[in-house]
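This report reads a single protein model from its surface inward, and then turns to its overall make-up. The sequence and the coordinates come first.

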Amino acid sequence: PLLGLSPCSGLLALWELLIRLKFISFDYVPPASEVAIAARDLIVSGELWMNLQHTLTAAILGWIIACVVGVILGVLLAVLRPMWTYSMASVDALRSLPIVAFVPVAVLLFGFSLQMEIVLSFYGALWPVLLNTYAGMRDVEPRLLEVGRVMRLRQAAQIWKLQLPSATSHIFVGMRLGLAISLVLTLVAEMVGNPAGLGFALVQAAQALQPAQMFAYIVAIGVSGIILNGCLMGLARLLFAGQMASAGESS
């Protein structure tokens, strides 16, 4: 709802007022109006769109791959007890590693490239998708499984027709978390040194002492995250209208 934007609008107005009245004296904190002008110039020149396209391409590709792999592995861990026994400890160990620590490894393996950003995006998004899929599959109502046995459904049919639909809300929450992590890690990869995307442009603007452009890129990053989340919510509600009603509220 548009009314929900009132706090943001109030903060922007307060930001502008405090700078104009000299209550904030930081040399490199421009008023909100100058940030808006810088954002307009970046849009007109096409620089913002070019960097935004690069960042979103890497983040979304990595996230899509993570969703596919994470759901498959989560289902296998939930239904195959031997696989859970021999791999769950490794999953816990890998997901506990700080994701940012994986950045130097990706740089060494792939250099400063789009592939490096996609790999980081994939690695970060994989764990919430995998673990939420596993939790959703294990949290299926026992009576639902009894229905499958009464109907004499094979295990593959039970997974596809009963367990996966029941776990949809868990999987969706993992996808939302993974999408946010993908975007963050893509930006980190660009800040580390890949000369492309919003992260690199933000650092470049800061080093060039252009704070208005720097804040414009920060706003662009925030708006991108909001739009991506909104698109995902809209798609989920379109595809899983009843199942997603509670998932959006709980997360």
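A patch is made of residues with over 30% relative accessible area and no salt bridge, and nonpolar side chains are joined into one when they lie within 5 Å. In this predicted model, Leu11, Leu14, Leu17, Leu21 and Phe23 form such a nonpolar patch on the surface, and together they have about 540 Å² of accessible area. One of these residues, Phe23, sits in the loop between α1 (6–20) and α2 (32–45). Because its relative accessible area is 62%, Phe23 counts as exposed, the cut-off for that term being over 50%.

Turning to the interior, the largest nonpolar core has 49 residues, and Leu198 and Tyr217 are those with the most contacts inside it. At least two residues of this core come from each of α1, α2, α3 (47–79), α4 (81–96), α6 (114–138), α9 (168–192), α10 (197–207) and α11 (211–239). Another core, of six residues, lies apart from it and includes Val103, Met116, Leu120 and Ala189.

Which residues does Leu198 contact, leaving aside its neighbours within four places in sequence? They are Leu48, Asn51, Leu52, Thr55, Leu187, Glu190, Tyr217 and Ile221.

The protein as a whole contains twelve helices and zero strands, and its overall values are collected below.

| Property of the protein | Value |
|---|---|
| Buried share of the 251 residues | 39% |
| Share of contacts with a separation of 6 or more that join residues 24 or more positions apart | 72% |
| Exposed area | about 14300 Å² |
| Share of the exposed area supplied by carbon and sulfur atoms | 70% |

Key
Residues numbered from 1 in each chain as written. Predicted model: local features only at pLDDT ≥ 70, side-chain atom pairs only at ≥ 80, totals over all residues. Heavy atoms only, no water. Helix = DSSP H or I, 4+ residues; strand = E, 2+ residues; numbered from the N terminus. Buried < 20%, exposed > 50% of the residue type's maximum accessible area, 1.4 Å probe, protein only. Contact = heavy atoms within 4.5 Å. Areas by Shrake-Rupley, 256 points an atom, 1.4 Å probe, with all protein chains shown as cover. Patch = residues over 30% accessible without salt bridge, like charges linked within 9 Å, V, L, I, M, F, W, Y side chains within 5 Å. Salt bridge = Lys/Arg side-chain N within 4 Å of Asp/Glu carboxyl O. Core = buried A, V, L, I, M, F, W, Y, C linked by side-chain atoms within 4.5 Å.
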